[in-house]
Structures are given as C-alpha cells and as structure tokens.
Amino acid sequence: MARVGILTGGGDCPGLNPVIRGVVRKGLLLGYEIVGIKNGWKGLVENETVPLDLESVSGILSKGGTILGTSRTNPYKKEGDAQKVKDNFKKIGLDALIAVGGEDTLGVANKLAKEGLNIVGVPKTIDNDLSATDYTFGFDTAINIAMECIDRLRTTAESHHRIMVVEVMGRHAGWIAIESGIAGGADVILIPEKPIDIEEVCEILKKKHSRGKIFSIVTVAEGAQFKEGQMVLQEQKLDAFGHVRLGGIADTLAEEIEKRTGYETRVSVLGHIQRGGTPTAFDRILGTRFGVKAIGLVKDRKFGRMVALSGTKIIDVALDEAVKALKTVDMELYETAAVFFG
Ligand code: F6P
C-alpha cells in the first residue's frame with residue numbers, strides 16, 4: 001500500500017481543510033495510506049506526523065485554518081534541516097508528499113522535487129499572487145470578509161462624515177485591495193502596483209466632498225508604497241521565510257490625508273481577520289477539486305507538478321512555473337476600479 005504524506009505550510013487560509021479532506025477521501029478510495037505532517041516543513045524536520053483516516057477528516061469541510069497546523073519554517077534556511085527532511089521522508093516511509101502552500105512552501109517543494117523527492121504541490125494563499133493558477137483558494141473568502149468590513153465601515157463613515165482608510169493584506173500584490181475595493185465601492189483603491197500619489201488622492205477626496213459626498217472609503221493594500229517613498233514596514237521584522245512583515249501604511253496615509261484636506265480620518269487595519277473563519281462555497285469547492293486532483297497526480301506519478309485552475313478547468317503545471325514570478329494586478333482591472341474614483 002502506498003503511503004502519501006500531506007502538509008500545509010505558510011500563512012493559513014480558509015480552504016486548506018477541504019484540500020486535506022479531498023486528498024484523504026480520494027486517497028482512501030485509491031487504497032493509499034495518508035499521513036498528515038504537522039506544522040508545515042517543521043513537521044518533516046522534526047518527524048511529527050498524524051495518521052489521517054475517514055474519521056479525522058469528518059466535519060472539517062467548513063472549518064477555517066488547517067487541522068494539520070502550519071509554520072513558516074524553511075528547511076533551506078538552517079544548515080542540516082533539508083537533509084533532515086529527506087531522512088524523515090524515508091523514515092516515515094513516504095512514497096509521495098503533497099505540499100500545500102504559497103510561493104515559499106512551494107519554492108521548498110520545488111527544490112526538494114529537483115533533489116529527487118516525489119512531491120506534488122497545491123497552491124494556496126489569500127494573496128492570489130501565484131502565477132500559473134487563475135485563483136488560489138482563500139482569496140475569495142478574504143475578499144468577501146474585506147468587502148463586508150468596507151460595507152460596515154461605510155455606515156459609520158457616513159454618520160460621522162469621515163474618511164475611512166481600510167488596510168487589507170496581500171503582501172506585494174494588490175489583488176485583495178482591488179477586488180474587495182471594487183466589490184465594496186471604495187472611493188480610492190491603492191495597490192503596490194501603482195505608487196501612491198498623495199496629492200492626487202487628496203484631490204479626489206476634495207472633489208467628492210465639493211460634490212456633496214462628505215464621507216469616503218479609501219482601501220489600501222499593506223504593500224502599497226508612496227511615490228518615491230519607502231515602504232512602511234511593521235517593526236522592520238522578518239518572518240521565518242525571510243520576508244519583511246508588512247503593515248501600518250494606513251496610519252501614515254490617514255495622517256497625511258487629514259493634514260492635507262482637513263477631513264476627519266480614521267483607520268481600520270483588517271489584518272488576520274481576513275484569514276480566519278469559514279471558507280466561502282467557492283473556496284470549499286476549489287480546495288476540494290485541488291485535493292482530489294493532487295492525489296490523482298500522485299497516482300499518475302506526475303511529480304514536480306502543481307495543480308492549478310485555468311478558466312474553469314483544474315490542470316497541472318510544473319512547480320517551476322508556479323514559483324517563477326509574482327502574479328500582480330493587471331492594469332485593465334485597475335482601470336475599471338479607477339472609473340469610480342473621480
Ligand atoms: O501571505 C498571506 C499573508 O496573510 C499576507 O497577506 C500577509 O502579509 C502575511 O501573510 C502575514 O503573515 P503572518 O501571518 O506571518 O503575520
């Protein structure tokens with residue numbers, strides 16, 4: 001009987017449990033034994049596993065987060081850890097491993113696959129910034145949460161005649177900001193792909209004011225930057241994968257808007273609330289389809305590949321493709337959003 005491992009790495013997101021459920025359910029039908037690796041790559045470094053059977057995946061479809069736990073451990077960052085991963089892969093008796101993650105987790109998966117391990121990747125991230133897939137699960141839930149927050153902030157902004165600056169996640173891509181902003185009817189949307197021109201932002205807000213719209217919503221991506229300026233970093237700290245921790249641009253932006261326009265301005269940083277809670281139907285279905293396809297790739301011995309969404313079809317692509325470049329917001333979408341700014 002083949003033994004197949006599954007791990008979830010990087011930031012969690014709604015839709016991970018549907019993937020695990022899909023892998024286990026289809027895997028058992030194929031006669032495989034499924035082993036859960038705990039806490040991402042950390043679990044393979046430390047040999048921490050849990051058996052996965054029908055019972056373990058019962059009732060998890062609607063649950064956010066991941067029943068396996070996660071970490072931002074990168075085994076290539078610490079001398080000897082990558083070797084430990086390979087040794088434990090053998091010790092656990094894995095015939096194949098399904099790695100569910102974003103660019104970091106899949107980057108590690110790609111390296112290990114090149115070094116000879118049988119690995120299949122599944123893309124996940126609320127940021128939707130992975131090339132080679134049209135959508136990642138987690139994103140739809142995140143934009144729906146952000147949209148609901150914008151709707152709620154609008155009513156209080158209106159009552160108090162205020163500007164509300166809403167900061168959303170997304171790292172160096174503006175997908176969450178642009179899509180939640182369009183859906184929530186934001187008056188200005190600021191994304192990393194377009195440096196912020198503070199004068200232009202204030203002009204837009206003043207123009208709206210002069211037309212009688214005495215409140216506005218400004219949606220800003222955490223990775224947005226001012227023109228010729230420095231990115232605003234949260235305590236300048238790095239995470240375990242070596243990325244800067246973003247966050248905090250909304251405060252600087254709000255201060256500047258209030259100073260330049262005289263309008264009372266408040267800030268809401270949505271933070272991890274965008275990653276929490278129950279997945280939308282879209283994310284449950286995409287996660288399920290990815291999980292079932294991933295174990296299918298194991299069956300067909302298509303290693304070094306990643307499942308992906310192309311239009312309405314689930315396909316597989318080389319892991320190399322997936323981690324090659326960041327998928328950023330296309331300007332056509334931005335132009336659609338911009339129709340509603342002025
Ligand atoms: O990549 C997903 C994400 O939520 C980003 O949008 C955000 O910048 C980052 O993770 C936050 O990471 P952490 O959970 O380590 O604070």
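Let me start at the side chain of H272, where an N or O atom is 2.9 Å from an oxygen atom of the ligand, and please keep in mind throughout that what we are looking at is a predicted model. A second side chain, that of R275, also reaches toward the ligand, with a polar atom that lies 2.8 Å from a ligand oxygen. The backbone takes part as well, since G170 places a backbone N or O atom 3.0 Å from an oxygen atom of the ligand. As for how much of the ligand is covered, the protein hides 82% of the 400 Å² of accessible area that the ligand has on its own.

If we now widen the view to the whole shell, the residues around the ligand are R72, I126, D127, M169, G170, R171, E222, H272 and R275. Sorted by class, that shell holds 5 charged residues, together with 2 polar and 2 nonpolar ones. The place they surround belongs to the largest pocket, which is where the ligand sits.

Where does the ligand lie with respect to domain 1 and domain 2? The domain assignment divides the chain into domain 1, which is made up of 3-137 + 279-323, and domain 2, which covers 139-276. Both domains give residues to the shell around the ligand, and therefore the ligand lies between them.

Let me finish with the two domains themselves, whose centres, taken over C-alpha atoms, are separated by 32 Å. In the contact that domain 1 and domain 2 make, 24 residues come from domain 1 and 20 residues from domain 2.

Conventions: Residues are numbered from 1 along each chain as its sequence is written. This is a predicted model: local features need pLDDT of at least 70, side-chain atom pairs count only at pLDDT 80 or more; totals for chains, interfaces and linings use all residues. Side-chain values use heavy atoms; hydrogens and water are left out. A residue is near a molecule or strand if one of its heavy atoms lies within 4 Å of it. A polar contact is a pair of N or O atoms within 3.5 Å; within protein, one must be able to donate a hydrogen and the other to accept it, and residues adjacent in sequence count only if both atoms are side-chain atoms. Accessible areas come from the Shrake-Rupley method with a 1.4 Å probe; for residues, only the protein chains shown count as cover. On a 1 Å grid over the protein atoms alone, a cavity is a set of points where a 1.4 Å probe fits but cannot get out, and a pocket is an open set with protein on both sides within 12 Å along at least five of seven lines; lining residues have an atom within 4 Å of a point. A molecule sits in a cavity or pocket if more than half of its atoms lie within 2 Å of its grid points. Ala, Val, Leu, Ile, Met, Phe, Trp, Tyr, Cys and Pro count as nonpolar, Asp, Glu, Lys and Arg as charged, and the others, Gly among them, as polar. Domain bounds come from an automatic or database domain assignment. Contact means heavy atoms within 4.5 Å.
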